[in-house]
Amino acid sequence: MAAAEQQKQQLDLGSLTPQQHRMLEQSVKHNFLLNHLSEAERLTVYKSMQRVTVQPHQVIINQGERGDDFYIVESGVFDVMVASSTEQLEALALEEQLQQQDLNQLQQQQQDLAAEQQQQQQQQQHAAVAGGSSGGTPRAAGVQQRAAAGKASGGGTTGSLLVDNDLMADIAANAAGEAFLSSIEDGQEGGGGPGSVGSATTTAPGDFGMLGGIQTEWGELVHTYCAPAMHGAESGGAHPSFGELALLYGKPRAATVVSQTEGVLWRLSRQAFRAALQAVRRGPDPAVLHTLRGCELLECLTNAQLVMLAGLLQPRVYEDGDIITHQGDTADDSCFYVAQGEVVAVVYPSSASLAAATTAAAASPQTQGLLSAAVLGAAQAASGNGGRDGFSSDRSVHGGRREVLTMGPGAFFGERNLADPSFTWLASMTSRGRTLLLAVTRGAFEAVFGPLAALAADHAAWQAWLARQHELLSRSVVLGPRHEQLLAGSFDPQALHMRGVLWVLSGCAVLASLEEPQAGMALTGRLFNVEAVQQQGLSEAVTRMRRLSAALPPCLFVPHTVATWRSPQHGQAVVAGEALGTVGVCTLAALLQGGPLDERSAAYVTAMAVLGLSHLHRLGIAYRGLSAITLLVTEGGLVQLVDFRFAKATQGRTFTLCGVPEYLAPEVVGGTGYDESVDLWALGVLVYHLITGGTPFAHLGDDELRIYRRILRAKFHWPDTPAGNDISADARDLVAQLLQREPCKRLGMGRGGFAKLRAHPWFRSVNWAELQEGRSMLPLGLRERLFHSGGGGELGFWTPQPRQAGAPNPAWLEEF
């Protein structure tokens, strides 16, 4: 028995040996991306790794090149070098360029030699052939020797290293924690695609273990990795690893790693890592989500809540002829999804006739859309209207009973049970063949979400509020005296002048303050530099962003697009723009330059972020970019969500790494898949930021690696200062409830949803009704901050790149 169990474990390891598995387990014990996974999940990742043998003096990674792989050292010695000066980086680039020229020269000489030999052979002149060979071979051999020497020193094995001032500026900005993770192209899972901002991680000398002053051709030797076996059997310990940030996104490497000796590495690419995690954390079946999303009774649930509901469904297996529910039963409060097999709805003659049941149902407006699938299907069958997906009519009669409906895979029935405690099954549900159903009871539903009626009422209130947005936006306090003209888009976009830049969204886009001088109208717009978009390969990302923003309805807290345009120059579009239905004066981060806000002002700002996020979640959109930097403040004091680089229409879970590093949720950093609940985590970080002036998981001088480790631990501390000690218990409680490691436990996700979040005691000073109508009075502290800051400071400047002469307008410009 023990041998059989041992064999089973061996088979579970796949091609890994038990020794290799133990070695990998020891190596990742302190790896922040892997040690939080379950043992089964880690095993799946190990099976995705490649075991590779390396030769002495082989370059494993080059400083400055984009990293896509993570490595674990099984054996061998590996040196880590850092070229800290621009001169060293340029020297490395020049060396690789010269080596490439040598290789190109060798190839050209070999081609010339082959051509010469062929010509001489055709002329049948053996002596000339021999002379040509002796003349060409020494030259080729000399180049081959130089190429071999270059390969031994690590040059030219992985492509050229491009060094420029922009790259160095990105490295410096990232070291200060100011760079964004702008992997905004969702087709590139985990970032690292054309949308990634390339910047190297600046690591403190203590992390590398400085050896002090040893210079090499690659820079200063700062550390040496040795497998435990190199220190003898007694030392043991975990095998070293490097390059773990490459599992998150592609960014320039911070150092060069070269093998001293022959060795063995275990290599894991970011794509393989993501694929392994997605394989073990698939989330709900898309077919189940599709069915739940199509249920009218459940339209009040957000995408994240539907994902949670799908997770509540429990399997139940029925054999042929088993009765699932009994006609007339009021005790069974379950609803069911048909995963496999068929379910037949049967009406028995002892009950009221089918016609009477159908007539009674039709006469009750309160139950429209809430009826059991059996009665609805029977009514539709009788009228010849068909049924929902997975349903088919069956009006056969057997021994006095009537089979009124047959439901196959994908059908969902009994959903009225979730909303109506007095629900009565109007038909018996019977299994035809072996059937697998997924079921949830009303009790289980309400334990997680609260009463469905309350969620439906909150959703109906949002729909009524949404219908009034044009009226609310028309008030001059929000948009100024030209509000009707602005909302109608009745102005010439080509006549717009840029007053200045509110902030740079990315290397190719800005949020700008605009004016139309003739109409005396001010507004805010998003501008895209066409040439920069093309050079950075962001056309698909900009297209996705534009289509999402174009579909947004008017909203006080999420400005919609009122007009689009292209600014041509000599027939070529240089800038594409979106005019927004708002007039912004600064970012929230600009206001925070004067220090943290008082709690009353912070609650006011947070409340508007809550209303904006709630609005987007009901539209099925995850914002994924909430931070003090990405919130716009209007002259009237409204706080608005205007940065849609990272926003995505969600259909279940997604895996892309994007957002502002300090605001990322653990499931985003860990790559385990997420939904809109990440916005609630970011909301908790925002509250902390507003009232302390800092973020909970980032400290001065931190690199991203340290930030991500703290985020995955989900543990933070409040400032131990007089100001920090004055933070209220309500504020601390709110942040604690939002910064929950488990997404389903975050305030706003579970029972009561956003309504429970709005009811938190910290918001007691907020008049939600007035705020939703844009007529709430700004707290004194925020009014003074807006007045004294002069609108957040001076506007910046932006000069877009000109188009290349003769370059055609790209297809994505058709979106503008």
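This passage describes the overall make-up, the nonpolar cores, one helix pair and two neighbouring residues of a predicted model.

The protein chain contains 29 helices and 27 strands. Of its 816 residues, 52% are buried. Contacts between residues at least 6 apart in sequence were examined across the protein chain; 74% of them join residues at least 24 apart.

The largest nonpolar core comprises 179 residues. Those with the most contacts inside this core are L298, L683, L686, Y708, L757 and F763. Another core lies apart from it and has 18 residues. Among the residues of that core are F336, A411, F413 and A439. In the largest core, the surroundings of L686 were examined, with residues up to four places away in sequence not counted. L686 touches L588, A609, L626, S627, A628, L631 and Y663.

Two packed helices are described by the angle between their axes and the distance between the axes. Helix α23 spans residues 677-692, and helix α26 spans residues 729-738. Their axes come within 8 Å and cross at roughly 150 degrees. Angles over 145 degrees count as roughly antiparallel, so α23 is roughly antiparallel to α26. The crossing of α23 past α26 is left-handed. On the α23 side, the contact is made by L680, W681, L683, G684, V687, Y688 and I691. On the α26 side, A731, L734, V735 and L738 take part. Ten of the contact residues, given as 10 nonpolar, are joined by one polar and no charged residue. L683 thus appears in two settings: it belongs to the α23 contact with α26, and it is listed among the residues with the most contacts inside the largest nonpolar core.

Helix α2 covers residues 18-27 and includes E25. L24 lies in α2 as well. L24 is buried, with a relative accessible area of 0%. E25 has a relative accessible area of 19%. Buried means under 20%, so E25 is also buried. The contacts of these residues were taken without neighbours up to four places away in sequence. L24 touches L16, Y46, M49, I72 and W266. E25 is in contact with E39, R42 and Y46. Y46 therefore contacts both L24 and E25. L24 and V73 are 49 residues apart in sequence. In space, their C-alpha atoms are 9.4 Å apart.

Definitions and conventions:
Residues are numbered from 1 along each chain as its sequence is written. This is a predicted model: local features need pLDDT of at least 70, side-chain atom pairs count only at pLDDT 80 or more; totals for chains, interfaces and linings use all residues. Side-chain values use heavy atoms; hydrogens and water are left out. Axes are lines fitted to C-alpha atoms, for helices over the stretch in contact, and angles run from 0 to 180 degrees between N-to-C directions. Helices (H or I, at least four residues) and strands (E, at least two) are DSSP runs, numbered from the N terminus. Angles under 35 degrees count as roughly parallel, over 145 as roughly antiparallel, 65 to 115 as roughly perpendicular and the rest as oblique. A crossing is left-handed if the near helix is turned anticlockwise from the far one by less than a right angle, and right-handed if clockwise. Contact means heavy atoms within 4.5 Å. Ala, Val, Leu, Ile, Met, Phe, Trp, Tyr, Cys and Pro count as nonpolar, Asp, Glu, Lys and Arg as charged, and the others, Gly among them, as polar. A nonpolar core is a set of buried Ala, Val, Leu, Ile, Met, Phe, Trp, Tyr and Cys residues joined through side-chain atoms within 4.5 Å. Buried means under 20% relative accessible area, exposed over 50%, partly exposed in between (1.4 Å probe, protein chains only).
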